[in-house]
Amino acid sequence: MESQRYAYDLVIVENDSTFEGDPTKNESYYAFGEDVLAPYDGIVVSAENEIEDNTPNR
């Protein structure tokens, strides 16, 4: 889909799972709220942080 052309899902897996606890809460996911680090030098040209977090739908 064009709207997700540059979208990435970043996850942390522990014990074959990406969350612990209630899967309908963002806070249950290991990657939620963690810093994202680049694996290589680069320049951030834009960032957006005003969009409300999605609610997981499991």
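**Figure 1. Surroundings of Glu-20 in the predicted model.** Apart from neighbours within four places in sequence, Glu-20 is in contact with two residues named here, Ser-28 and Tyr-30. Glu-20 has a relative accessibility of 59% and therefore counts as exposed, the cut-off for that class being over 50%. Asn-57 provides a reference point elsewhere in the chain: it is 37 residues away from Glu-20 in sequence, and the C-alpha atoms of the two residues are separated by 15 Å.

**Figure 2. The largest pocket and its lining.** The volume of the largest pocket is about 1500 Å³. Its lining comprises 28 residues. Those that lie nearest the centre of the pocket are Tyr-8, Asp-9, Leu-10, Phe-32 and Asp-53. Sorted by class, the lining residues are 13 nonpolar, nine polar and six charged.

**Figure 3. A nonpolar patch on the surface, formed by Tyr-8, Leu-10 and Val-36.** Together, the three residues of this patch have about 400 Å² of accessible area. Leu-10 counts as exposed because its relative accessibility is 54%, where over 50% is required. Two members of the patch, Tyr-8 and Leu-10, also appear in the pocket view, as they are among the lining residues that lie nearest the centre of the largest pocket.

**Figure 4. The salt bridge between Glu-2 and Arg-5.** In this pair, the closest N and O atoms are 3.7 Å apart; the distance satisfies the criterion of within 4 Å for a side-chain nitrogen and a carboxyl oxygen. A search of the whole structure finds one salt bridge. Both partners are open to the probe: Glu-2 counts as exposed because its relative accessibility is 62%, and Arg-5 counts as exposed because its value is 53%.

**Figure 5. Positive phi values at Asn-15 and Asp-16.** The backbone of Asn-15 has a phi near 50°, which is a positive value in a residue other than glycine. At Asp-16, phi is near 65°, again positive and again in a residue other than glycine. The side of the view concerned with accessibility gives 76% for Asn-15, so this residue counts as exposed. Asp-16 has a relative accessibility of 80% and therefore also counts as exposed.

Methods. Residues are numbered from 1 along each chain as its sequence is written. This is a predicted model: local features need pLDDT of at least 70, side-chain atom pairs count only at pLDDT 80 or more; totals for chains, interfaces and linings use all residues. Side-chain values use heavy atoms; hydrogens and water are left out. On a 1 Å grid over the protein atoms alone, a cavity is a set of points where a 1.4 Å probe fits but cannot get out, and a pocket is an open set with protein on both sides within 12 Å along at least five of seven lines; lining residues have an atom within 4 Å of a point. Grid points are joined across faces, edges and corners, and a volume is the space filled by probe spheres set on the points. Ala, Val, Leu, Ile, Met, Phe, Trp, Tyr, Cys and Pro count as nonpolar, Asp, Glu, Lys and Arg as charged, and the others, Gly among them, as polar. Buried means under 20% relative accessible area, exposed over 50%, partly exposed in between (1.4 Å probe, protein chains only). Contact means heavy atoms within 4.5 Å. Patches are made of residues with over 30% relative accessible area and no salt bridge: like charges are joined within 9 Å, nonpolar side chains (Val, Leu, Ile, Met, Phe, Trp, Tyr) within 5 Å. Accessible areas come from the Shrake-Rupley method with a 1.4 Å probe; for residues, only the protein chains shown count as cover.
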